[in-house]
Amino acid sequence: MLNRGYRTVAPRPADGGYILIEALITVLIFAIGLLGVVGLQAVALSSSSTSNMRTEATVLAMDMADRMRANRGAADGTAGVGYDGAGPAANACRSVYAGDVEGAPLACTAEELAEDDMFDWLEQVEQSLPAGEGMVCIDSTPDDGDDAADAACDGLGDAYAIKIWWSQRATRDLDAEFLRFSMSVRP
């Protein structure tokens, strides 16, 4: 046959295999992107939980500071044992303890009220934070101590340290990381 100026084109191989590979690569890239978004969401959720617990610890520390300011006799040591030496005891000095309603309050001394405050406050710390512990002591370096048993209170200075520890996990696991919030108060 005569070719009258037209070129003959050879038939092209089928493109079906290349399209399938392109589709698989697209799905793979999309899946990796989704995994990144899920990981970012998990980090954001964890940070939000930690932030909420730190806020709760701040509120609890401020609550104890307000209790100390309301009971200046025990806070400044003029009424005997101050808050740093007050052991927690339910002396029936108030009608509400960590949300529990009790009978009519009794007349209490400043020292008994400090013990009552410690009892109520420690109960709130335990209820509000996972594996929560608290300590009030005279301390010149409030940002130390591993837990309430080893609070590292030196008894120096004129400021109280309110220290709160809690776990990132719901149980008191030895491997769990414990967070600390501390605050210095001069009532």
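Buried means under 20% relative accessible area, exposed means over 50%, and partly exposed is what falls in between (1.4 Å probe, protein chains only). This is a predicted model, where local features need pLDDT of at least 70, side-chain atom pairs count only at pLDDT 80 or more, and totals for chains, interfaces and linings use all residues. Residues are numbered from 1 along each chain as its sequence is written, and side-chain values use heavy atoms, with hydrogens and water left out.

**View 1. The whole protein, before we zoom in.**
Start with the parts list: three helices and five strands. Helices (H or I, at least four residues) and strands (E, at least two) are DSSP runs, numbered from the N terminus. Follow the sequence and you meet them in the pattern α-α-β-β-α-β-β-β. Of the 187 residues, 29% count as buried. The protein exposes about 11800 Å², with carbon and sulfur atoms supplying 59% of that; accessible areas come from the Shrake-Rupley method with a 1.4 Å probe, and for residues only the protein chains shown count as cover. Contact means heavy atoms within 4.5 Å. Among contacts with a separation of 6 or more, 56% are between residues 24 or more positions apart.

**View 2. The largest nonpolar core, with Ile 164 as a guide.**
A nonpolar core is a set of buried Ala, Val, Leu, Ile, Met, Phe, Trp, Tyr and Cys residues joined through side-chain atoms within 4.5 Å. The largest one here has 28 residues, and those with the most contacts inside it are Tyr 83, Trp 121, Val 136, Ile 162 and Ile 164. At least two core residues come from each of α1, α2 (72-75), α3 (110-128), β3 (133-138), β4 (160-167) and β5 (178-185). Helix α1 gives the largest share, seven residues. What does Ile 164 touch, leaving aside its neighbours within four places in sequence? Its contacts include Ala 57, Leu 60, Trp 121, Val 125, Leu 179 and Phe 181.

**View 3. Helix α3 from end to end.**
With 19 residues, α3 reaches 26 Å from its first C-alpha to its last, close to the 27 Å expected at 1.5 Å a residue. That expected span is 1.5 Å times one less than the number of residues in the helix. Plenty to look for along the way: the buried residues of α3 include Ala 110, Ala 114, Met 118, Trp 121, Leu 122 and Val 125. Charged residues are on that list too, among them Asp 116, Asp 117, Asp 120 and Glu 123.

**View 4. Arg 67 meets Asp 120.**
A salt bridge is a side-chain nitrogen of Lys or Arg within 4 Å of a carboxyl oxygen of Asp or Glu. The structure holds seven of them. In the one shown here, the closest N and O atoms of Arg 67 and Asp 120 are 2.6 Å apart. Arg 67 lies in helix α1 and Asp 120 in helix α3, so the pair ties together parts that are 53 residues apart in sequence. Are these two buried or exposed? Arg 67 is buried at 11% relative accessible area, and Asp 120 is buried at 3%. Take in the surroundings as well: Asp 63, Arg 67, Asp 117 and Asp 120 are linked in a network of salt bridges.

**View 5. Two salt bridges that involve the loop between β3 and β4.**
Asp 144 and Lys 163 join through their side chains in a salt bridge of 2.9 Å, N to O. Asp 144 sits in the loop between β3 and β4 and Lys 163 in strand β4, so this pair ties together parts 19 residues apart in sequence. Asp 144 is partly exposed at 22% relative accessibility, whereas Lys 163 is buried at 0%. Now find Arg 186 and Asp 158, whose side chains meet at 3.2 Å, N to O. Arg 186 lies in the segment after β5 and Asp 158 in the loop between β3 and β4, so the two tie together parts 28 residues apart in sequence. Both Arg 186 and Asp 158 are exposed.

**View 6. Two alanines with positive phi.**
Ala 92 has a positive phi of about 60° although it is not a glycine. Look for Ala 92 in the loop between α2 and β1 (96-97), where it is partly exposed at 31% relative accessibility. Ala 152 also has a positive phi, near 60°. Its place is in the loop between β3 and β4, and Ala 152 counts as partly exposed at 34%.
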